[in-house]
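User: I would like to learn how to read contacts, burial and pockets in a model. Can we start with contacts?

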Amino acid sequence: MVFDATAIINKALIECTGLTDIQLIDGGEHADLASTVSFSLAKAKKQAPVKIAQDIVTALAGNKDLTDRGIRVEAKGPYINFILGSMYVSATLKEATQKGYGSLPRKETRVVLEHTSANPNGPLHVGHIRNSIIGDTLARAFRKAGFPLEVQYYVNDMGRQIAIVVWGFNNLEHGQRNGEKEDAHIARVYIAANREIEKDPVITQQVDTLMQRVEAGDPDTVKKFRREVSRCLDGFAVTMADLNVKHDLFVWESDFVRNGDTKRVIEQIEKLPQARHENALLSLDLADFGFTNKYVIRRSDGTSVYAARDLAFHTWKSAHFDRVIDVLGADHKLIGAQLQCTMKLLGEKAPDIVHFEFVSLPEGSMSTRAGKFVSADDLIDEVTKRAFDEVTVRRPELDEATRRSIAGSVARAGIRYDIVKISPEKSTVFDWKEALDFERQSGPYIQYAHARACSILEKAGTFTECYDLETEQEIALAKKIAKFPSVIEKLVTELRPHILATYSHELADTFNTFYHYEPVLKSEGKIRERRLTLVKAVQNTLQESLETLGIDAIRTM
C-alpha cells in the first residue's frame, strides 16, 4: 500500500502549528500538495504569512516522518509546498499496476442511494437521465470507496399522474401499437388523457376518485395502478440497461400505505408543535426554519399526499441504513429541504440531497404532459448511429458487428461523460458533436487513450516491470496516476461525480503528453521497461476510472 502522503503531511503540520485545520490543498504547478495555514496563524502571531511559512518550513526540516519518505518542504511566498520524492512515485507505480487500483479500505457505514425515481407515466427523457447518470456514478464510486451500498428506485405508483394514466386506459382507445415500447405506450395514453381533461373538467373528479380508491386499498383499482406502472418500469429497464445504469431494489410508494408506515408517520407529525389542522387537512408550519410555504401532509378529503409517503419511506431508510443519499432535480429543492427539516423534527436521519440542474437539447425544454419531449431511447439511438458512422470512418477494415459493438460503447461513453462532466448545480445542453469528439473533452477521448495504452502493451509483449522513473514526463504521469484514490475519496465526501470525470480527462491528457515526448516501444533496456510499466499503470488506472464512470474500457477503437 502506498504511504498516505496527505495523512503524514497533515500530522506533521498539526504537530508543528498546534492547529487542527492545516488547509492542505493541491499544489498546482509548484508542488504536489500545499498548505495555506500561515494565513490562519498571521493574526494570532502578528506576523506576515510569508515569515510564518518560512518558520514552519525550518521547523519541519527535521521531521523524520517527512524526510524518511523523501517528502521535500519549501516555502513559496505564504505557501508551504510539499514535493513527493522517488520513494512515493515508485510505490505508487507498483500499486497502480494491480487490479482494483484505487479501491479504498472496507467501511462499516451502510449507505442507501436513491436516484432516478421518475414518474412512471412515459419514457425517460433527456432531462431524467442526468439523475440516472449522476446517481449511478455516485453508486459506483461509493462501492469503489469500500462502502456497503444499496441503490434504490422509489416507484411513485399512487400519484395523480398514474391516476390519469389509469383513467386513460379505462376510458380511451389504448391498443399497443406494433413495436411500441411499454413506456411509450403509457405516455401516449397519458397525453391523450390530459387532452381530454382540458376539454372536460368533470374528468378531474373521476381522477380524484381513483386516487381515493387506490389509497383505500380497493383491489381492482390497486391492480390497475400496479399493472400500468409495472409495464412502464419494464420500458425504463431497457433504457437504463442501454445507459449501463443499475438499481438493486425498486421500492413501491403504495407499500408504505399498505403496511401502515404512512399512517404511523402522520400520527407522529400530528403531535409536533408545528402541526396545523384544518378539519382533515394536515400541514406543518415550518416558518421558524425559514419556510414560508406550509408543508402539506394530508388533503382535506383525508388522503395522504406524496410528502407523507415520502416521509414514511425515509423513516424506513433511516432505520435500516447509516447514511441516506437522494439525487433530486433542482425543482425539488423546496420539498427536499422541507423533508430534511421534518425528518430532524421526527428525530430521524435526514438525507443528504444532491440537487442537479437539468440537461436539455438544443431543440429546447421538454414536457411529458404536453407530449413535447425527446426520449432517452431516441437520444441513445441517434448518438449510437452517429458513433457508428464515426467508427466506420476511422476503422473501415473492421467487420460490421465489431464496429457496431464499438459504437455502442462509444455512444454510452459520449452520453454519460458529457452529462456527468458538468458539476450538478450547473445546467447544461447536450452537445452531439462534442460528446463524440475523439480528440477533445469527451468520454470517447478517454476511451481512446485507454485503447492506445492497450495497443502499446500488446505490441510490447512480455517485459520486466521497473518502478525507477527519471524524466520529468515520467514522474508527472506517475504523480497523476497517484491521485486516483484521493479523487475517489473526495468524490464520495463531497458527492460531486464530475470530479472523477475531470480527473480521468486530465490523466488521458497527461498520458498523451508523455507518449508524445517519451518513446516507449522504440526505447531500450531499463528505459523501455520503466516506460512500459508506466503504460501498464495508465491502462489499469484508466480502466478503473472509466468503469467507475460507468463507461466501457474498450481495448480497440
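Analyst: Contact means heavy atoms within 4.5 Å. The model here is predicted. Take D183 as the case. Beyond its neighbours within four places in sequence, D183 is in contact with G122, P123, L124, R231, C232, G235, F236, T239 and D377.

User: Where does D183 lie?

Analyst: D183 lies in helix 8, residues 182-199.

User: Is D183 buried or exposed?

Analyst: Buried means under 20% relative accessible area. D183 has 0%, so it counts as buried.

User: With which side chain does the side chain of D183 make a polar contact?

Analyst: A polar contact is a pair of N or O atoms within 3.5 Å. The D183 side chain makes one with the side chain of K181, at 3.3 Å.

User: How do I read contacts for the whole protein?

Analyst: Look at separation in sequence. Take the contacts with a separation of 6 or more: residues 24 or more positions apart account for 73% of them. Burial can be read for the whole chain too. Of the 557 residues, 53% count as buried.

User: What are the overall dimensions and the surface?

Analyst: The C-alpha atoms fill a box of roughly 80 × 70 × 35 Å along the principal axes. The accessible surface comes to about 25000 Å². Carbon and sulfur atoms hold 49% of that surface. The protein has 22 helices and 14 strands.

User: Now pockets. How much space lies in the largest pocket?

Analyst: About 1600 Å³. Its lining has 48 residues, and the closest to the centre are D26, D32, L33, K483 and S486.

User: Which element gives the largest share of that lining?

Analyst: Helix 19 does, with 7 residues. Elements that supply at least two lining residues each include helix 1 (5-17), strand 1 (24-26), helix 5 (86-96) and helix 21 (498-517).

User: How do the lining residues divide by character?

Analyst: The lining has 22 nonpolar, 12 polar and 14 charged residues.

User: Let us take one lining residue, K483. Where does K483 lie?

Analyst: K483 lies in the loop between helix 19 and helix 20. Leaving out residues up to four places away in sequence, K483 touches D26 and Y503. D26, like K483, is among the residues closest to the pocket centre.

User: Why does K483 count as partly exposed?

Analyst: Partly exposed lies between the 20% and 50% cut-offs. K483 has 27% relative accessibility, so it counts as partly exposed.

User: How far apart are K483 and M211?

Analyst: They are 272 residues apart in sequence. In space, C-alpha to C-alpha, K483 and M211 are 53 Å apart.

Conventions:
Residues are numbered from 1 along each chain as its sequence is written. Side-chain values use heavy atoms; hydrogens and water are left out. On a 1 Å grid over the protein atoms alone, a cavity is a set of points where a 1.4 Å probe fits but cannot get out, and a pocket is an open set with protein on both sides within 12 Å along at least five of seven lines; lining residues have an atom within 4 Å of a point. Grid points are joined across faces, edges and corners, and a volume is the space filled by probe spheres set on the points. Helices (H or I, at least four residues) and strands (E, at least two) are DSSP runs, numbered from the N terminus. Ala, Val, Leu, Ile, Met, Phe, Trp, Tyr, Cys and Pro count as nonpolar, Asp, Glu, Lys and Arg as charged, and the others, Gly among them, as polar. Buried means under 20% relative accessible area, exposed over 50%, partly exposed in between (1.4 Å probe, protein chains only). Accessible areas come from the Shrake-Rupley method with a 1.4 Å probe; for residues, only the protein chains shown count as cover. A polar contact is a pair of N or O atoms within 3.5 Å; within protein, one must be able to donate a hydrogen and the other to accept it, and residues adjacent in sequence count only if both atoms are side-chain atoms.
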